[in-house]
There are 4 protein chains.
Amino acid sequence: MPVALGVNQYGKAEVRVVRVLRDGDEHSLKDLNVGITLSGDMAEVHLTGDNANVVPTDTQKNTVYAFAAEGVGEIEDFALRLGRHFARGFAPIRRARVQIEEYGWERLAVGGEPHPHAFRRAGGEVRTATAVCDEAGEWVVSGLSDLVVLKSTGSEFTGYLSDKYTTLEPTRDRILATAVTARWRHAGAEADWGESFAAARGLLLETFASTHSLSLQQTLHAMAAAVLEARPEIVEVRMSMPNKHHFVVDLSPFGLDNANEVFHADDRPYGLIEAAVHAIDAPPAGPAWNPYPLL
Amino acid sequence: MPVALGVNQYGKAEVRVVRVLRDGDEHSLKDLNVGITLSGDMAEVHLTGDNANVVPTDTQKNTVYAFAAEGVGEIEDFALRLGRHFARGFAPIRRARVQIEEYGWERLAVGGEPHPHAFRRAGGEVRTATAVCDEAGEWVVSGLSDLVVLKSTGSEFTGYLSDKYTTLEPTRDRILATAVTARWRHAGAEADWGESFAAARGLLLETFASTHSLSLQQTLHAMAAAVLEARPEIVEVRMSMPNKHHFVVDLSPFGLDNANEVFHADDRPYGLIEAAVHAIDAPPAGPAWNPYPLL
Amino acid sequence: MPVALGVNQYGKAEVRVVRVLRDGDEHSLKDLNVGITLSGDMAEVHLTGDNANVVPTDTQKNTVYAFAAEGVGEIEDFALRLGRHFARGFAPIRRARVQIEEYGWERLAVGGEPHPHAFRRAGGEVRTATAVCDEAGEWVVSGLSDLVVLKSTGSEFTGYLSDKYTTLEPTRDRILATAVTARWRHAGAEADWGESFAAARGLLLETFASTHSLSLQQTLHAMAAAVLEARPEIVEVRMSMPNKHHFVVDLSPFGLDNANEVFHADDRPYGLIEAAVHAIDAPPAGPAWNPYPLL
Amino acid sequence: MPVALGVNQYGKAEVRVVRVLRDGDEHSLKDLNVGITLSGDMAEVHLTGDNANVVPTDTQKNTVYAFAAEGVGEIEDFALRLGRHFARGFAPIRRARVQIEEYGWERLAVGGEPHPHAFRRAGGEVRTATAVCDEAGEWVVSGLSDLVVLKSTGSEFTGYLSDKYTTLEPTRDRILATAVTARWRHAGAEADWGESFAAARGLLLETFASTHSLSLQQTLHAMAAAVLEARPEIVEVRMSMPNKHHFVVDLSPFGLDNANEVFHADDRPYGLIEAAVHAIDAPPAGPAWNPYPLL
């Protein structure tokens, strides 16, 4: 049976570049993990192994380092610069997708004074940006991963659908914990990325904290909506939030009460709640959410 | 600005169920990691926290265990049974996606004889299956992950596009190594799943070994095409193959030659090559490839 | 040939307990990973499978939860309470080792005000404590893991021993980066653990920042010595510090300078520097540093 | 308070070398992860940063590659060659410890015939070897890690010590599953390493399978003793075996029996059973079991 090539993409993943900025004796850091994904006229390389249209992934890596030499700036801008370079600079390349993870560093203090060139990794949370560039346009998606949050009360789960396999008891008071992955699509390719990121992140956290939760879905939606309502430059928010279950330990065999004080933090299985929320008049998403990796 | 709920899904991830089958004294094992993802009339739970349409993820977990009690069989069938249960059994649930990882076990031998109830985990490779069930139909995707393969010769990379950031030298002889993730979509929801899986896996491996590689893209396409050409029950193959770089170590400072004998196995960055290949007359994929997780 | 049982120990590892403290509406969290390791008269269970001397690991887990109900306090105290319980409460148990990891949480703010029950995981850094209790005494070791720090200058590496396999160029200016694992042994089993931990951690960080580094060994020793010199309650410091290599990228093929501005953060291989430093008059370490796990 | 330098060691960790052996068209692979750890006259580098006695870890890495060019052979021999080089070749270096992980590869077949240069990674199991060389002698420790095994019956746990925190019910039939880490010390520095490894591994597996288990301690001891009794070249065996709990799922709420057929494979917490068993007349272990890493 004849076969045909479908969706395809290739590139260099996980280019780990650290850029030191030197302002006299005072240094600052940009610590990035950059992935490039290209697509275009790639039938020949798949069918015959003719690499004439292939920008080697090694070259992509070199380009990341060379561009970093000229400065990084906000990761959305760095992703756009790289994306435009690949999408516009090579005839066979029709689309470039650049995804960046940024790891935060905090300046150490010595004797109460900030040190000019010593730093501490700020934590598990990661800031992300993706730029997609092709002939039809440019899309920028900002985001964050591994933002682990927990409410020790102010969360219920009741009134759910029940069947013969349901054993869960409704609860008016539970721990709600999750590791937020959020991505938000911008209306355009220009913004004050740093200010926008800080504001969106703050809205996610404030809304998580202040929403009395009836379900993780409701909390997720409130978080996304808060960003969309306050930030006109953002037109869509997608979130993936595992329900990191904390089970109340039964201490009654030991003659002890447990008034939601002692919990077992379980690993697996876990609930996984995912949704997109968008502004009513959001422009089309185009290839912004195309899966990467493909599988 | 008014907002709207977009794509959304929820469920229980990573239900780790081990099913022992007892045939007299002789046991066998099914060791699974099951994920359920449901979608449907979920506006209320997002907007108001009303859980009336929500099948709790805890119930989903219970259902996996209860269904396992009745037997597992091939994981494609187990995924379909669970998928149909959720998609057909609850009015608000319109679609169920069930994804399963299966971990292989080999029987231990004692004195040259296979032991009836002692086993060894077979390795890193994982067999996978996904079933998607909704009102419009059923889709089954089989696959495998973490199949790590390597060719120590028979791989070239030359003739690629070059620009001012290109430093890579062409090579007529390199190591080609990858960790194959492959997923293949079936024409329908009935097949001899076990036989089909073994044949597809064998074709992937044989084609990897016997193809003289001019690029990883060409190898990927040849592997996918081999499956499609030999197996009419399979209509699309998607693959994701990292290029696990093995760099020839420069031993000249030590007065030693290195005729492709000593390599450094690098971790990051790595190339990532991804493509879909389908039969010309493949039926529509519907929701078979919808991303999970969403982000 | 006759065989004999040597060193042995057993216990429950990774009890993940989260303790919520409720002070009216204001909550706080203790998030712990607790491991228990017991040893004693265990010949029979190894030789014949007679479990009469075995406190089940399931019981150990229950005990952690029950003790947590009574309050956790500083992890050194919690480890001691558990250690004494097991070492003193069961005739066949001669020694108990309790090791605890504590994960930090920061209170979220809403409208600039600290929220009473919403928290954010503070980062990758982990506080640790180990208590060992036996008939001969008690030992307490505090510590931390995964404290990732980096200096973008102020680090040299020159004057090393050279042989025919040496290709490294000396450098007067390099990035020095590491993930600190430190453990410090206390003189006794009583201290203001929280204040002591904060002070020791601060000394490690300040010394890392302010020491002009000629080698990672020198930096390590200075960090340990700073703690010992300032904190009389601490008598020995052991540290394990990987040299997380940051390589200057050669940008000359692209006509670009790289004055220590663009680095590749490599994963493997890495240097690993380890040492113990102790006060001259430190009391004997006894079993404080016995390996756990054994292998 | 004056301080003193205690135990210390340093080296290069995780040198990932792949050695291709070419016998005409037929290739074979050695895939290794090598760590070097040196100790000796290292006071100056710690106290003043004088590196005159320091063999750079970069040189250590180069040496691994250069030695690999001359052939690898059995990993015990490769570790000894490297260990002797460092311990004997540099005046300030008094002891070298070389630890190697070997990853197995299986030859792929095409049309039923073994392929000359295409391979599949054999699984999660890892073969290990450590050589320690100093002025007093040489020690060789072989071993394996991540050998995951399971018995679906033939395991009991009863008759244990009980207290007020005990809730576990005794059982006459449970799943016993573990991931074996084993290390065995050789009498000397010469042996038929490959044959010895295969035999020891076989004895561990056969004994695990054929021992009716009353406790994991008993199983561990039987496995170790079987090796010592059959293999005179091996004088001590140390094992670390997590009890990978498989809990019988309670299906009674769904009107279903569960006669040890449906299990939940849990992650944490887990039991951890560790012991050393040695031949009565074993020579002293010297530094063979010194901890690496130190913490």
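The C-alpha centres of domain 1 and domain 2 of chain A lie 28 Å apart. This is a predicted model, in which local features need pLDDT of at least 70 and side-chain atom pairs count only at pLDDT 80 or more, whereas totals for chains, interfaces and linings use all residues. Residues are numbered from 1 along each chain as its sequence is written, and chains are lettered from A in the order in which they are written.

**Domains of chain A**

Domain 1 covers 8-135 and domain 2 covers 136-286, with bounds that come from an automatic or database domain assignment. The contact between them takes 16 residues from domain 1 of chain A and 17 residues from domain 2 of chain A; two residues are in contact if their C-beta atoms, placed from the backbone, lie within 7 Å. On the domain 1 side, helix 3 (75-89) and strand 5 (113-134) of chain A are the elements that give two or more residues. Strand 5 of chain A has the largest share of that side, eleven residues. Helices (H or I, at least four residues) and strands (E, at least two) are DSSP runs, numbered from the N terminus.

**Chain A as a whole**

Chain A has five helices and eleven strands. Its C-alpha atoms fill a box of roughly 75 × 70 × 40 Å, taken along the principal axes. Of its 295 residues, 58% count as buried, that is, with 20 or more other C-beta atoms within 10 Å of their own, C-beta atoms being placed from the backbone. Among the contacts in chain A with a separation of 6 or more, 65% are between residues 24 or more positions apart.

**Chain B against chain A**

Chain B can be laid on chain A with an RMSD of 0.0 Å by a turn of 180° and a shift of 0.0 Å along the axis, the superposition being by least squares on the C-alpha atoms of residues with pLDDT of at least 70 in both. The two copies are thus related as by a two-fold rotation axis. B:Pro291 is the residue of chain B that comes closest to the rotation axis, at 3.4 Å (C-alpha). The same surface serves both copies, as 100% of the contact residues of chain B recur in chain A.

In this interface, 78 residues of chain B are in contact with 78 residues of chain A. Strand 1 of chain B gives the most to the chain B side, with eleven residues. Strand 11 (residues 270-279) of chain A is joined to strand 1 of chain B by nine bridges, and the two run antiparallel; strands pair if DSSP finds at least two bridges between them. Within this pairing, A:Ile273 stands opposite B:Tyr10.

**Chain C against chain A**

Here 47 residues of chain C are in contact with 47 residues of chain A. Strand 5 of chain C gives the most to the chain C side, with nine residues. Three bridges join strand 10 (residues 262-265) of chain A to strand 2 of chain C, again antiparallel. A:Val262 stands opposite C:Arg19 in strand 2 of chain C.

**Residue classes at the contact sides**

Ala, Val, Leu, Ile, Met, Phe, Trp, Tyr, Cys and Pro count as nonpolar, Asp, Glu, Lys and Arg as charged, and the others, Gly among them, as polar.

| Side | Nonpolar | Polar | Charged |
|---|---|---|---|
| Chain B, touching chain A | 40 residues | 26 residues | twelve residues |
| Chain C, touching chain A | 27 residues | 13 residues | seven residues |
| Domain 1 of chain A, touching domain 2 of chain A | six residues | three residues | seven residues |

Key: Buried ≥ 20, exposed ≤ 12 C-beta atoms within 10 Å, placed from the backbone.
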